[in-house]
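Please open the structure in a viewer and keep the selection panel at hand. The tour proceeds from stop to stop, naming what to select and then what is found there.

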Amino acid sequence: MTLDVRQEFLVQPVDASWLQCNIECQEACPVGTNCRGYLNLAAEGRFEEGYILSREPNPVAAMCSYVCSAPCERACRRGDIDRPLAIRAMKRFLVEWHEASGIPDVMPHIERRNETVAVVGAGPAGISVARELAMKGYGVDVYDSLPFAGGTMLIGVPAFRLPREAIEMDVRLVERLGVTFHYNANIGVDIAFDELQRTHDAVAITAGAMNAVALDVPGGDLEGVQYGVDFMKKANLGEPIEVGTDVVVIGGGYTAMDCSRTSLRHGAENVSIVYRRTRSELVVDEEELGETEREGVRMEFLASPVEVLGENGHVTGVKFIRNKLGEPDASGRRSPVPIPGSEFVIKADTVIPAVSQAADLTFLPVEADFEVNRGRVKVDPATYATNVRGVFACGDFVTGPTTLIEAAGHGKKCAYAIDRYLAARTDVTVAANVKMTSAWTFEMPEFYDVIPRQHIPMTPLADRMPSTDPDVNFTTQVERGYDATSAVAESTRCLMCNYNIWFDPFRCVLCGACADVCPEGVIHMVDINTMKSEGLLTELDEAYGWQDGAAMVLDEERCIRCALCVKRCPFDAITMERFELQEISTDGRLYKESYRDAQLAGTTGVAGGMAR
């Protein structure tokens with residue numbers, strides 16, 4: 001083989017952190033779900049075990065299975081080959097399979113403690129805080145102004161995307177851990193905030209961000225302007241909605257998509273979404289955008305509102321101006337810049353601004369003197385503690401609008417901090433338990449590399465709005481989910497990123513057979529002097545300057561784990577290494593695991609994580 005002297009290779013030391021980072025789906029998940037693990041279990045038909053693995057780290061697993069933004073899919077390395085795994089849809093299949101099976105969720109044994117915690121808000125962050133604290137034995141009371149739990153998931157996400165039963169699944173399991181929910185409870189009105197402070201050892205504020213940010217253009221107060229968060233709240237609580245024939249939605253997030261599709265289900269004929277940036281900068285996933293467009297919503301990009309037009313006090317249209325992209329803003333995205341003279345008008349009976357939302361701070365007592373910055377309560381980023389002793393805050397209430405899974409991740413970390421505060425722990429460390437298993441024999445599932453991403457079944461367009469009754473249309477599910485055959489096929493596509501190719505330098509004779517047989521061309525024989533490292537790498541230092549020195553280099557990012565190199569090596573110098581990891585803290589928490597799909601050990605604690 002000829003060495004390429006023009007190319008330089010950056011090499012890194014292989015340690016537990018590097019190996020875990022290779023499992024990119026899990027690293028991208030805010031709650032550390034072992035996505036690859038439950039996909040591999042599902043591929044073997046071990047659906048209940050897959051459900052257990054998907055449920056354990058995620059307090060809102062059922063809700064996520066329907067409407068998670070799925071950062072794991074964007075990280076999935078299969079996406080570099082063809083298309084990423086449908087990880088969210090697979091979770092939905094496992095959740096629905098478990099629910100239909102009748103297999104009970106086994107509850108862990110919990111040692112009760114005397115301390116109690118009040119949680120203000122029963123959304124994803126609040127549910128997560130409550131579950132994690134209940135698992136540690138604390139008495140938890142959750143207060144919410146709505147008639148049911150779910151927060152933004154209840155009043156912000158339409159039932160045709162998220163059935164109410166999914167919210168109930170998650171809440172039911174948290175209740176079984178001993179958590180008490182108090183509904184229709186307005187803090188500051190029905191119950192004073194300082195009363196929560198007096199009657200509980202700690203308070204967690206997870207009240208979300210449910211106040212609409214005003215549309216700051218002339219005409220924003222005309223009749224017919226309905227803010228997205230209020231519009232969706234009415235729709236989800238079954239209150240009457242009037243949309244007229246023409247609807248204009250301003251914004252580019254999930255709320256904008258939901259408002260536009262809800263408008264169609266309530267009788268609108270022409271619905272437009274107008275977004276100030278480009279299509280590629282939308283924050284919604286392609287499937288959500290695709291279904292929105294398939295239902296007939298018109299997308300208008302690079303346009304900003306300058307005035308809401310009206311007659312006799314009612315909306316008649318919206319004047320927009322075209323944009324071009326300028327320099328990047330603080331978020332790293334290119335800022336939209338108006339183009340003079342490019343104004344145009346879109347006719348409208350209803351205008352729905354869905355640009356952003358803010359937290360409501362009015363229930364906080366003024367005398368408590370919370371530190372507030374730009375309308376958000378300030379917290380210590382390491383402890384989630386406010387400047388008021390014993391009061392913590394997390395989720396959208398602190399960060400502003402995020403996603404379901406990000407709020408859940410925030411809630412879990414906040415619960416850990418509250419536990420440390422109540423237990424008077426100041427020093428908590430996390431240790432990694434690593435296991436490596438070597439093998440010269442390894443087989444990927446048959447046809448795993450050529451199976452295409454399985455289409456997620458959808459309700460035909462004609463059947464999505466089957467009735468003149470908007471309530472029927474609103475609750476008709478759009479996504480139908482996988483059957484068992486499709487689920488097994490889809491999960492079989494997983495590249496098993498917990499396996500890694502390992503070269504034994506004492507056996508390798510640099511014959512190059514592995515590079516010749518590699519179908520992806522990810523193995524290279526290179527001149528030792530072209531290799532660079534980010535830090536000290538003893539092996540390289542010792543080899544530099546060796547005129548005839550060469551090394552085998554593997555690009556893990558593109559390896560598909562086919563193991564042809566393992567089989568081809570004439571001297572057994574290449575093995576497949578199975579990587580398994582547990583990250584356990586000194587206060588007894590399992591922060592992350594990527595091991596239990598090999599043999600699911602100890603199924604106690606399905607509902608609330610592994611029993612500890």
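Two rings of Phe, Tyr or Trp (for Trp, its six-membered ring) are taken as a pair if their centres lie within 6.5 Å. By that rule, this predicted model holds 11 aromatic pairs.

**First stop: an aromatic pair between two helices**

Select phenylalanine 47 and tryptophan 97. Their rings are arranged edge-to-face, with 5.6 Å from centre to centre and 65° between the planes. The pair links distant parts of the chain: phenylalanine 47 belongs to helix H4 (residues 47–55) and tryptophan 97 to helix H7 (residues 87–101), 50 residues apart. Phenylalanine 47 counts as buried, at 10% relative accessibility, whereas tryptophan 97 is partly exposed, with a relative accessible area of 32%.

**Second stop: a tilted pair**

Now select tyrosine 416 and tyrosine 591. The ring centres of tyrosine 416 and tyrosine 591 are 5.2 Å apart and the planes stand at 55°, so this pair is tilted. It too links distant parts of the chain, with tyrosine 416 in helix H16 (residues 404–422) and tyrosine 591 in strand E25 (residues 590–593), 175 residues apart. Tyrosine 416 is buried, its relative accessible area being 8%; tyrosine 591 counts as partly exposed at 28% relative accessibility.

For an aromatic group with more members, select Phe193, Phe363, Phe370 and Phe397, which form one cluster.

**Third stop: along helix H7**

Return to H7 and display the whole helix. Its 15 residues reach 21 Å from the first C-alpha to the last, close to the 21 Å expected at 1.5 Å a residue. Which residues of H7 are buried? They are Ile87, Arg88, Ala89, Met90, Lys91, Arg92, Phe93, Leu94, Val95 and His98. While turning the view, it is useful to recall that an α-helix has 3.6 residues a turn, so residues three or four places apart point the same way. Just after H7, select glycine 102, which takes a positive phi of about 80°.

**Fourth stop: the sheet of five strands**

Select strands E4, E3, E2, E5 and E18. In that order, E4-E3-E2-E5-E18, they make up an open sheet with parallel pairing. Strand E4 (180–182) and strand E18 (391–393) are at the edges; each has a single partner strand, so one side of each is left without a neighbour in the sheet. On average, neighbouring strands of this sheet are turned by 20° against each other, direction ignored.

Within the sheet, display strand E2 (residues 116–120) beside strand E5 (residues 202–205): the two pair in the parallel sense over four bridges. Alanine 118 has valine 203 in E5 as its bridge partner.

**Fifth stop: the sheet of four strands**

Move next to strands E9, E8, E7 and E14. They form an open sheet in the order E9-E8-E7-E14, and the pairing is parallel. Which strands stand at the edges? Strand E9 (298–301) and strand E14 (350–353) do; each has a single partner strand, so one side of each lacks a neighbour in the sheet. From one strand to the next, the twist averages 20°. Strand E8 (residues 270–275) is joined to E9 by four bridges, and the two run parallel. Valine 274 stands opposite glutamate 300 in E9.

**Sixth stop: strand E13 and its partner**

Select strand E13 (residues 344–347) and show its side chains. They alternate along the strand: Phe344 and Ile346 point to one face and are buried, while Val345 and Lys347 point to the other and are not. Strand E11 (residues 314–328) pairs with E13 in the antiparallel sense over four bridges. Phenylalanine 320 stands opposite phenylalanine 344 in E13. Add arginine 322 to the view: it lies over the face of phenylalanine 344, at 4.1 Å from the ring centre. For another arginine over a ring, select arginine 265 and phenylalanine 160, where the distance to the ring centre is 3.8 Å.

**Last stop: the cysteines**

How many disulfides does a search of the whole structure find? The search finds zero. Select cysteine 21, which is in no disulfide; the nearest cysteine sulfur, that of cysteine 25, is 12 Å away. Cysteine 21 is partly exposed, with a relative accessible area of 41%. Cysteine 569 is in no disulfide either, and the nearest cysteine sulfur, that of cysteine 511, is 6.1 Å away. Cysteine 569 is buried, at a relative accessible area of 14%.

Technical notes
Residues numbered from 1 in each chain as written. Predicted model: local features only at pLDDT ≥ 70, side-chain atom pairs only at ≥ 80, totals over all residues. Heavy atoms only, no water. Disulfide = S-S within 2.5 Å. Buried < 20%, exposed > 50% of the residue type's maximum accessible area, 1.4 Å probe, protein only. Phe/Tyr/Trp six-rings, centres within 6.5 Å; stacked < 30°, edge-to-face > 60°. Lys NZ or Arg CZ within 6 Å of the ring centre and 35° of its normal. Expected span 1.5 Å × (residues − 1). Pairing = 2+ DSSP bridges. Axes fitted to C-alpha atoms, helices over the stretch in contact; angles between N-to-C directions.
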